[in-house]
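Here's a quick briefing to read alongside the model. Have the structure open and follow the topics in whatever order suits you.

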Amino acid sequence: MNIKCMYYSKQFQNKPKGYEVAEVQKGLSQTEITIEQLADDLSQGATFKPALLNGTHSSDWISQQLFALDFDHDTTIQEQIAKCSQLNIYPCFGYTSFSHTEQEHHFRLVFCTDTVITDVETRNKLQNTLISIFDKSDNVTKDCTRIFFGGKTLICNDFDRRINGYQIIDKFYKEPTLPITAKSIDTKSCKKKLNVYSNNQSNNDMALKVEAIKSLNVGVMRCLLGKALEVSTNKEGNISSSISVPFQYDLTFKCEKDIYSYINSIDLSEYLGIYGYVKCILPEHDDHEPSAHIYKTNDGTQVYKCFGCNKARTIIGITEELAGCKRSEAIEFIKSVYGIKLVESDWTVKQKKLMIDSANYLDTEDFKISNPELAKLIRTRKTDIQAILIHFTQYVNEDMQIDGKPFFFASYKTLMKVCGIREDNRKKLASTLVLFSLLNMVIKLQVTDIPEKELNEAKHIAALYHQKKLTGFYSFEEYGINSLKDSENIAKTLKANNITLKGLGREYILRTFGVDLANKCYPQYRFENSQGTSKKSDERTSQIVECLFYCIEQKGYATEKDVVYLLGDKYKYQTTEIQIKKSLQEILVSYDLKRIRANKDTKQLYHVECNGYPFIIIKI
Ligand SMILES: [Zn+2]
């Protein structure tokens, strides 16, 4: 039996991007196809829209028999197959999408109704019902114009399987609570604007929205997004109060980052009324060809792109440019239109302030006076830690706290961007984090430190920001004299040992400051043996000790150069130098030795015969 849907047969190897998306959008056409064939093609990269459409707009919907659900986070194929049997609602096939991996299952399930649905209200009810009962599925599929790209493999097939849409609606459908009533729509100003444009129905929506954005008219924009106009505009410009799509009006967020993430994920096609290619709407481009369209970046950000003037704009950017307003005004406008509110608890406000204060503290005289060595030590990396602190303030979230303190997660890539470190220089970030961890200015947390509830919240947030995985976890102690007391001493020791940031290996920290600090800076090693050192380096260390004592016996003192010279043949010179740096502090403490810079008197005392005033190692 053939099914009607929108279909494009070209088989992609990867998820279509940029131009390819435009190509797919153009290539999708009304097709009659068997479910077997469709399933087979989709699992090899072809593309479809489950609905039969007469264009690209939701008002072009004709009929539908296939209903697809998209699963892209927080679930597995097995879990959803089990859910199907629990609900007794089975797909006729499913396939993994391009981004599917063993660790993160990304897949689609496609259901087929026993009769063709020709009434859009039933279609919407059924799709929304399926989304709500398969609660791990993505609600982007509520859009009847949604494109489903193909993928890699079929995960199940039962091609003759059908679902009874009406029964499912009867059993599971819940009336959505409309947060907005027709009354609250500013119909008066909508009408006024409507008179401006009445020519082309399909461009009407876009023209109205562009006008509303240009004048930053929240009322009109809300009205247009409520879709009142699209459904029932007649020639006189009268507006029916019916709303075909419930429009979210009150969205509260607990942290600013969630707001930006949400804003960037707003359906830009809907916001601008742009579907497919249109003439550029940017004020400075007098476009005569349809050269602009909307696409989605890998992280889910929606972008307006014009190939004519070669400009790309996010929802904030395009609002700024159309309205000729400031960025902050554009953001305020978008927030008002979508009813976006930041509701921060007192705790959140306080934690953010503490972090900003900590960042600022490092610039104060107070800090330099109280912690002179520390201030000198971190001089070249200070802005990195400040940038990291400020970056994380956006993510302070009540649901992510341990012992009353907020914690954060970020990938190396993110933190490198935050600190302006080049992508190929991971080592620099690693050493920065070790340094600040040693100085108690960053606390590195392990996944195993995070309670399950908080970890789940972190996973949820990672999914929201389209992050593939959770990486490093961090928290911060408020900076001040007491929290940095040890840090000043550590800075002194590092200086006394002439340690560069490159030398801050685990072994050095272990030998110099003990196992607790080593575990703090390198928490990933904390389950290793408590020595944490390799046999080889232990061997080298004892050779160094022997050399030191040999020299001291011979001439009363030793220098690091002596040791390098004596051991250089056996181990490479450089290896020996590094080993000395790592082990010296431990050796000095363990063997009652000290390292001092020779002056005129000591040079005479120990008969140091060389130019300058080198560091020498002597018995206490
Ligand atoms: Zn343009």
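**Cysteines and the missing disulfides**

Cys 521 is buried, its relative accessible area being 0%. Keep in mind that this is a predicted model. The structure holds 0 disulfides, so let's start with the cysteines and then move on to the zinc site, the salt bridges, some helices and the surface.

- A disulfide is a covalent bond that joins the sulfur atoms of two cysteines.
- Cys 551 has its closest cysteine sulfur in Cys 547, and at 6.5 Å that is too far for a bond.
- The cut-off for a disulfide is a pair of cysteine sulfur atoms within 2.5 Å.
- Cys 551 counts as buried too, with 5% relative accessibility.

**The zinc site**

- Which protein atoms are the donors of the zinc ion? They are SG of Cys 280, ND1 of His 285, SG of Cys 306 and SG of Cys 309, and they lie 2.0 to 2.3 Å from the ion.
- The arrangement is tetrahedral because the 4 donor atoms around the zinc ion subtend angles of 102 to 124 degrees.
- For comparison, the ideal angle for four tetrahedral donors is 109.5 degrees.
- Along the chain, the zinc donors follow the spacing C-x4-H-x20-C-x2-C.
- Two of these donors link distant parts of the chain: His 285 sits in the loop between strand S10 (278-279) and strand S11 (290-296), while Cys 309 sits in the loop between strand S12 (302-306) and strand S13 (312-313), 24 residues apart.
- His 285 is buried at 18% relative accessible area, whereas Cys 309 is partly exposed at 27%.

**Salt bridges**

- How many salt bridges does the structure hold? The count is 22.
- Lys 555 pairs with Asp 562 in one of them, with 2.8 Å between the closest N and O atoms. Lys 555 is partly exposed at 35% relative accessibility, but Asp 562 is buried at 19%.
- There's also a network: salt bridges that share partners join Glu 284, Lys 311, Arg 313 and Glu 321.
- Asp 158 and Arg 161 have side chains that meet in a salt bridge, 2.9 Å from N to O. Asp 158 is partly exposed at 31% relative accessibility, and Arg 161 is partly exposed at 31% as well.
- Another salt bridge brings together the side chains of Lys 352 and Glu 256, with an N to O distance of 2.6 Å. This pair links distant parts of the chain, with Lys 352 in helix H14 (residues 346-361) and Glu 256 in helix H10 (residues 256-265), 96 residues apart.
- Is each partner of that pair buried or partly exposed? Lys 352 is buried, with a relative accessible area of 12%, and Glu 256 is partly exposed at 29%.

**Helices H12 and H13**

- Helix H12 (residues 315-323) is mostly covered, as 7 of its 9 residues are buried.
- The buried residues of H12 are Ile 315, Ile 316, Gly 317, Ile 318, Thr 319, Leu 322 and Ala 323.
- Just after H12 comes Gly 324, which takes a positive phi of about 60 degrees.
- In helix H13 (residues 327-337), the buried residues are Ala 330, Ile 331, Phe 333, Ile 334, Lys 335 and Val 337.
- Gly 339 follows H13, and its phi is positive, near 60 degrees.
- As background, an α-helix has 3.6 residues a turn, so residues three or four places apart point the same way.

**A buried glycine in a loop**

- Where does Gly 45 lie? Look in the loop between helix H2 (35-42) and strand S3 (47-49).
- Gly 45 counts as buried, at 0% relative accessibility.
- Gly 45 and Pro 16 are 29 residues apart along the chain, and their C-alpha atoms are separated by 9.4 Å.

**A nonpolar patch on the surface**

- Tyr 550, Tyr 565 and Leu 566 make up a nonpolar surface patch, and together they have about 370 Å² of accessible area.
- Leu 566 belongs to helix H25 (residues 560-567).
- With a relative accessible area of 39%, Leu 566 is partly exposed.

Note on methods:
Residues numbered from 1 in each chain as written. Predicted model: local features only at pLDDT ≥ 70, side-chain atom pairs only at ≥ 80, totals over all residues. Heavy atoms only, no water. Patch = residues over 30% accessible without salt bridge, like charges linked within 9 Å, V, L, I, M, F, W, Y side chains within 5 Å. Areas by Shrake-Rupley, 256 points an atom, 1.4 Å probe, with all protein chains shown as cover. Salt bridge = Lys/Arg side-chain N within 4 Å of Asp/Glu carboxyl O. Helix = DSSP H or I, 4+ residues; strand = E, 2+ residues; numbered from the N terminus. Buried < 20%, exposed > 50% of the residue type's maximum accessible area, 1.4 Å probe, protein only. Donors = N, O, S within 2.8 Å, 3.2 Å for Na, K, Ca; no water. Tetrahedral: all angles 85-135°; square planar, octahedral: opposite > 155°, others 65-115°.
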